[in-house]
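Colleague: I've got this model open and I'd like a close look at a single part. Could you walk me through how the helices pack, and what else goes on around there?

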Amino acid sequence: MNILFVSPHPDDETLGAGGTIIKLMSKGHRIFWLNVTGMIHSDKYTSEEKNIRKRQLERIEKFYHFSPGGGEYFT
């Protein structure tokens, strides 16, 4: 089954549903993650803020092993 988790900020998916994400992944479900903040492509934030957000997204991707074979994330 394909399952989409939506979060407004990096870490909200973990705080709200981290255990569920891990459980569903362990059962073979394909997990997708949509982070709706989208600040990386905005002119409203400094380069430093964008780099921090990019690192946050990368850490979450690594933690859950989000990849084309086991889940994906979109920003």
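Modeller: Here's a walk through the helix pair, with a few words on its surroundings. Keep in mind that this is a predicted model. Two packed helices are described by the angle between their axes and the distance between the axes. For helix H1 (residues 12-26) and helix H2 (residues 47-64), the axes come within 11 Å and cross at roughly 30°. Angles under 35 degrees count as roughly parallel, so H1 and H2 are roughly parallel to each other. On the H1 side, the contact is made by Glu-13, Thr-14, Gly-18, Ile-21, Ile-22 and Met-25, and H2 brings Ile-60, Phe-63 and Tyr-64. Sort the residues of that contact by character and you get six nonpolar, two polar and one charged.

Staying on H2, have a look at Glu-58 and Lys-54: both lie in this helix, four residues apart, or about one turn. They form a salt bridge, with the closest N and O atoms 4.0 Å apart. The structure holds one salt bridge, so you've now seen it.

Away from the helices, Leu-4, Val-6 and Val-36 make a nonpolar surface patch of about 270 Å². Of these, Leu-4 is found in strand E1 (residues 2-7).

Methods:
Residues are numbered from 1 along each chain as its sequence is written. This is a predicted model: local features need pLDDT of at least 70, side-chain atom pairs count only at pLDDT 80 or more; totals for chains, interfaces and linings use all residues. Side-chain values use heavy atoms; hydrogens and water are left out. Axes are lines fitted to C-alpha atoms, for helices over the stretch in contact, and angles run from 0 to 180 degrees between N-to-C directions. Helices (H or I, at least four residues) and strands (E, at least two) are DSSP runs, numbered from the N terminus. Angles under 35 degrees count as roughly parallel, over 145 as roughly antiparallel, 65 to 115 as roughly perpendicular and the rest as oblique. Contact means heavy atoms within 4.5 Å. Ala, Val, Leu, Ile, Met, Phe, Trp, Tyr, Cys and Pro count as nonpolar, Asp, Glu, Lys and Arg as charged, and the others, Gly among them, as polar. Patches are made of residues with over 30% relative accessible area and no salt bridge: like charges are joined within 9 Å, nonpolar side chains (Val, Leu, Ile, Met, Phe, Trp, Tyr) within 5 Å. Accessible areas come from the Shrake-Rupley method with a 1.4 Å probe; for residues, only the protein chains shown count as cover. A salt bridge is a side-chain nitrogen of Lys or Arg within 4 Å of a carboxyl oxygen of Asp or Glu.
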